[in-house]
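Ready for a few exercises at the screen? Keep the sequence and the structure open side by side, and try each task before reading its solution.

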Amino acid sequence: MSDLNALLHSRSFVELGARQRAAALLDQGSLRDLLDPFARVKSPWLEAQGIVAQADDGVVVAKGSIGGRPVVIAAIEGNFQGGSLGEVGGAKLAGALELAAEDNRNGIPTAAVLLLETGGVRLQEANLGLAAIAEVQAAIVEVRQYQPVIGVVAGPVGCFGGMSIAAGLCSHLLVTREARLGLNGPQVIEQEAGLDEYDSRDRPFIWSLTGGEQRAACGLVDAYLADEVSVIRECLLQTLEQPGEALPRSRQYARFLDLLARFDAAPQADAASVRALYQGDQA
Amino acid sequence: METLSFAFPAGLPASRRAQVGCVGSGDLEVLLEPGQAGSLNIQVVTSVNGSAERWRHLFERMFAGANPPALNVDIHDFGATPGVVRLRLEQALEEVSDV
């Protein structure tokens, strides 16, 4: 019965839209939108290509607090153009992080939370999107010197392309079972490697390699969480309270390069062989 | 892609604004802002060409003779069915209503 009760009272995070996600994780009533949809700062490139633009370009950026600590939060709307980042959305994300950096330089300990639901750069905006993602990455590295930059990949879109590198730069990364994290998206790999090697429609196979559970088992993320608003918020509270002293993963590149050098790429990689590689290293 | 405009008689301006939905497959984004007393202006940007009649019928069914609040409505549509459009509009209207 208690299970049924828990089920009836659970609140899925994955099912929420970007703004709802941001509001659900911040202290109640603390969300202050920066460039809300009514500012109508939308992509100037999509309509010229016959694509309907969204008023906030699919990126919600806000200031607020979590457990009373100041944060900037950015949430990408995965349902708009696959969460792709163009010039405007990318600039909003980078700008939010730069605000956090500025706060810290002025003695305000603002942390950053990034809700990543993105296929990476928006192909329709090509280099402008890429440039924006580079700015996002630089800003993450700057802010994480002062305060945690916590990435959350909840799914169902996952986090791919240049933004998967951004996720890798975060000081902390949280995932759910629904999440996927990888440099190239499944369809891109299928197109390059062929259907025999990588069938993007084989969902169990895709999640076994890039899903949240696998990434957690390989130690590539910091927490593997249930799809439940309160659980994710609790983890954010704890992480902000006790960020720990671990070196960011991107500073541990020597260890990862060594793993890569030892990996035998001749046989087809599967979930077990990849886990064995990472876990052998941790033991 | 098409941009369409519609206008209907309305009552007093709504007291706040609202945003609902998302420009995702089969969905739409609706932005409501208080308008000038007496008029409801709607601008639709839709990915579906040749759908002006369908939008007109839908709005007439909802607003003609219903004395809606005065609003400027912006719709960014990504192929939503009339049922979804109506649902989103009612959701947004509920958010700006004073009840």
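The exercises below go from a helix to the cores, and then to the surface and the salt bridges.

This is a predicted model, in which local features need pLDDT of at least 70 and side-chain atom pairs count only at pLDDT 80 or more, while totals for chains, interfaces and linings use all residues. Residues are numbered from 1 along each chain as its sequence is written, chains are lettered from A and ligands numbered from 1 in the order in which they are written, and side-chain values use heavy atoms, with hydrogens and water left out.

**Exercise 1. Check the length of helix H3 (residues 87–105) of chain A against its expected span.**

Step 1. Helices (H or I, at least four residues) and strands (E, at least two) are DSSP runs, numbered from the N terminus. The expected span is 1.5 Å times one less than the number of residues, so the 19 residues of H3 should span 27 Å.

Step 2. The end C-alpha atoms of H3(A) are 26 Å apart, which agrees.

Step 3. Now look just past the helix: A:Gly107 follows H3(A) and has a positive phi, near 85 degrees.

Step 4. Buried means under 20% relative accessible area, exposed over 50%, and partly exposed in between (1.4 Å probe, protein chains only). Among the buried residues of H3(A) are A:Leu93, A:Leu97 and A:Ala101.

**Exercise 2. Find the residues that touch the most other members of the largest nonpolar core.**

Step 1. A nonpolar core is a set of buried Ala, Val, Leu, Ile, Met, Phe, Trp, Tyr and Cys residues joined through side-chain atoms within 4.5 Å.

Step 2. The largest core has 34 residues, and A:Leu97, A:Leu114, A:Ile140 and A:Met163 touch the most other members. Elements giving two or more residues to this core include strand S2 (59–66), helix H4 (126–143) and helix H5 (162–169) of chain A. H3(A) supplies the largest share, six residues.

Step 3. Pick A:Ile140 and list its contacts (heavy atoms within 4.5 Å). Beyond its neighbours within four places in sequence, A:Ile140 is in contact with A:Leu97, A:Leu114, A:Val149, A:Ala166, A:Leu169 and A:Cys170.

Step 4. There is also a second, separate core of 28 residues, which includes A:Leu16, A:Ala22, A:Val152 and A:Ile232.

**Exercise 3. Decide whether A:Leu260 is buried or exposed.**

Step 1. Locate A:Leu260 in helix H10 (residues 253–262) of chain A.

Step 2. Its relative accessible area is 61%, so A:Leu260 is exposed.

Step 3. For its surroundings, note that A:Leu277 is 17 residues away in sequence and 9.2 Å away in space, C-alpha to C-alpha.

**Exercise 4. Work out which parts of the chain the salt bridge between A:Asp27 and A:Arg233 links.**

Step 1. A salt bridge is a side-chain nitrogen of Lys or Arg within 4 Å of a carboxyl oxygen of Asp or Glu. The closest N and O atoms of A:Asp27 and A:Arg233 are 3.0 Å apart.

Step 2. A:Asp27 sits in the loop between helix H2 (18–25) and strand S1 (32–34) of chain A, and A:Arg233 in helix H9 (residues 229–241) of chain A, 206 residues apart.

Step 3. A:Asp27 has 15% relative accessibility and counts as buried, whereas A:Arg233, at 22%, counts as partly exposed.

Step 4. Compare A:Glu241 and A:Arg69, whose salt bridge is 3.2 Å, N to O. A:Glu241 lies in helix H9 and A:Arg69 in strand S3 of chain A, so this pair ties together parts 172 residues apart in sequence.
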